[in-house]
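Please look through the structure below with attention to how its helices pack and how its charged side chains pair.

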Amino acid sequence: MIIVLQKNITERKKANIRAFLEDRGFQVREIVGEEEIIFGAVGKSRIDLRSVEVLDGVNSVIPISKPYKLASRELKKEDTIVRAGNIKIGGNRVMAIAGPCAIESRERMLDIAAEVAKAGAVMLRGGAFKPRTSPYAFQGLGEKGLMYLKEAGESVGLPVTSEIVSPVYVDMMLDYVDVYQIGARNMQNFELLKAVGKTGKPVMLKRGLAATIEEWLMAAEYLMAHGTDDVILCERGIRTFETYTRNTLDLSAIPVVKKLSHLPVIVDPSHGTGLRGKVLPMALAAVAAGADGVMVEVHTEPDKALSDGPQSLFPEQFEKLMRDIEALVPVIGKSVETIPMNKQKEIVINELKRSTDTDDKGGLKASFQGVPGAYSELALNQFFDQDIIAEPYHAFKDVFSSVMHGHTAFGVLPVENSLAGTINDNFDLLLSHPDIEVIGEQQIRIIHTLITLPEADIDSIKKVYSHPQGLAQCADFLDRHPHIEKVPFFDTAGAAAYIKELNDPSCAAIAGAQAASAYGLHILKEGIETNPRNYTRFYIITREEFAKDFTANETPNRGVLIFSTKNKPGALFTALQVLSNRGVNMNKLESRPILGKPWEYMFFVETEISDIDEFHLAVQELKASCQTVRVLGTFTSGR
Ligand code: PEP
Ligand code: MN
């Protein structure tokens, strides 16, 4: 059952409720959500729910209707994000696990690890105990293999996963792997599930060869009931009558499981298809269907692999897959998980924690313009992977001053929309703040939704509020519903906040889905923008003294600079020639009037850098020929 606790409940009352339930044989988990704190209570005992409802501090009690309880979305509305090593699985990110089917030798493992890490895998795989159909096939290197796997993972800074086939190996494997893998054949080995669950360590649970989704979730429930909260579900194909593929990869399981459970779901197209040539399309389809990641087999010489060679990708194929995933994820509003934070970044984060205002728990803050639920807030959360406290500010200039005064460590600024063009105000503000630097960019897809009160339907809506651009971008949808009056508002998320306040079911707002959840409103229709290729690009800014360290150890592929030229013929041409000669590719050039100097202009240039040394040389040369030159920032972008 789910026990929703009263807001601001005291620790003493919580302890009393917990003791009451535990005395009656329930296991109790506290889940702190965005809007409420709940206790999830599961156990064999039966209890009259009313006896819990009357306890001091309880708001309401809701029974869980599904046989799986801890794994159920009814219990926990927010996505579970599993941490393994220093990476995260679930939420807004897509990750890739790669490596050979089996660990074959130390050298082979090190080679493959280097290849997959370079291409963007964030976890390394490799089987040390191979459950093979034939007892005469290669069975794996056992503990020695795990030593090689761990060493290879450490050599490239990746966490590792490997399959466990028997409860007797639980302790031995504990220090070798970051994630236990439970294979398809062992999905319902309940003694194994219990033993692995007890360790509390993350587990990747493959779907059994002939398991229903419910059986799969019940297997996850075994793991969770015995002590682990961190289960990653892995769809790897099921047995059907089809023989052209090794298994039938059930991609429809992804949206089904996502609705039923809060656990992350990844897909293994290697075992799912058994054919190298089918891995790439099915991996992309899995990501498009909402998978939180993929696991693929990669080998430096698949023809010589001791197992599953025909389905193992060549390193170049894996590299292509990662590039394609990179291109796909912004469309579905996600970003690719990468190995985060080098040492240098950790140092600068600690320094920022000392020198800027933090929240009560010491968390870093970042400022955005608008109200909660704004697209800018979404961009911040995506850039910082939710590891930031996003604070709303009234105007763009307040974002700058909050960063300048150390009220926040970072700020976010929209700079360009793919349909509406450049947001000039922010370039002007960058110009007038010489102590601010750009340390990164985040692109998000703008998906407008029609937000209403829960009881509304499309015919009952009389007015819709949104930013004029929000209204314009949904023109086709609004034209199809001419009975709805369009009311311009200062801000999209602000419009959502306003209709919440109005509490009138005939009033709707157009804003992002995040605004609906920020104000507890209903999404009547998602994706109502006329052009689905609607993206906004944001800069992340910080104070100059932190910027250098924040981007140190990165190989920047973007550079933003501003310069003003002398007033003579060919001055701009000369400046651009410098960039061209140094191989600096220009993506965008804008001119802006210099404040206080009528008819004089600054030039903003966004560049793509392939060689950072050449970029710095170009800047030196520009300084010689231009009046002023300022580098606004160099950073790495996935765009
Ligand atoms: C594996 O991933 O190496 C494996 C054996 O997969 P499955 O359990 O899905 O067959
Ligand atoms: Mn395999």
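What follows takes two helix pairs in turn, then a set of salt bridges, and ends with a single loop residue. The model is a predicted one, and the description should be read with that in mind.

Two packed helices are described by the angle between their axes and the distance between the axes. For helix 7, which spans residues 213-225, and helix 8, which spans residues 253-260, the axes come within 11 Å of each other and cross at roughly 50°. Because that angle falls neither under 35 degrees nor in the range from 65 to 115, helix 7 is oblique to helix 8. The crossing of these two helices is right-handed. On the side of helix 7 the contact is formed by Ile-213, Trp-216 and Leu-217, which meet Ala-253, Val-256, Val-257 and Leu-260 of helix 8. Sorted by class, the residues of this contact between helix 7 and helix 8 comprise seven nonpolar ones, with no polar and no charged residue.

The second pair consists of helix 14, residues 396-404, and helix 15, residues 424-431, whose axes lie 10 Å apart and make an angle of about 30°. Since angles under 35 degrees count as roughly parallel, helix 14 and helix 15 are roughly parallel to each other. Their crossing is right-handed. Helix 14 contributes Phe-396, Lys-397 and Phe-400 to the contact, while helix 15 contributes Asn-426, Leu-429 and Leu-430. In this contact of helix 14 with helix 15 there are four nonpolar residues, together with one polar and one charged residue.

Helix 15 also leads on to the salt bridges, of which a search of the whole structure finds 41. In one of them, the side chains of Arg-592 and Asp-428 meet at 2.7 Å, N to O. This pair links distant parts of the chain, with Arg-592 in strand 28 (residues 585-593) and Asp-428 in helix 15, 164 residues apart. Arg-592 has a relative accessible area of 15% and is therefore buried, and Asp-428, with a relative accessible area of 18%, is buried as well, because buried means under 20% relative accessible area.

Another salt bridge joins the side chains of Arg-93 and Glu-337, at 3.5 Å from N to O. Arg-93 lies in strand 7 (residues 93-99), and Glu-337 lies in the loop between strand 15 (335-336) and helix 12 (343-355), so the pair ties together parts that are 244 residues apart in sequence. Both Arg-93 and Glu-337 are buried.

The side chains of Glu-545 and Arg-543 meet in a further salt bridge, at 2.9 Å from N to O. Glu-545 has a relative accessible area of 46% and is therefore partly exposed, whereas Arg-543, at 15% relative accessibility, counts as buried. Elsewhere, salt bridges that share partners join Glu-416, Glu-441, Arg-537, Lys-588, Glu-590 and Glu-606 into one network.

Finally, what is the place of Asp-175, and is this residue buried or exposed? Asp-175 is found in the loop between helix 5 (170-174) and strand 10 (179-182). At 61% relative accessibility Asp-175 counts as exposed, because the cut-off for exposed is over 50%. The C-alpha atom of Asp-175 is separated by 10 Å from that of Lys-201, a residue 26 residues apart from Asp-175 along the chain.

Methods
Residues numbered from 1 in each chain as written. Chains lettered and ligands numbered in written order. Predicted model: local features only at pLDDT ≥ 70, side-chain atom pairs only at ≥ 80, totals over all residues. Heavy atoms only, no water. Axes fitted to C-alpha atoms, helices over the stretch in contact; angles between N-to-C directions. Helix = DSSP H or I, 4+ residues; strand = E, 2+ residues; numbered from the N terminus. Parallel < 35°, antiparallel > 145°, perpendicular 65-115°, else oblique. Left-handed = near helix turned anticlockwise from the far one by under 90°. Contact = heavy atoms within 4.5 Å. Nonpolar A, V, L, I, M, F, W, Y, C, P; charged D, E, K, R; others polar. Salt bridge = Lys/Arg side-chain N within 4 Å of Asp/Glu carboxyl O. Buried < 20%, exposed > 50% of the residue type's maximum accessible area, 1.4 Å probe, protein only.
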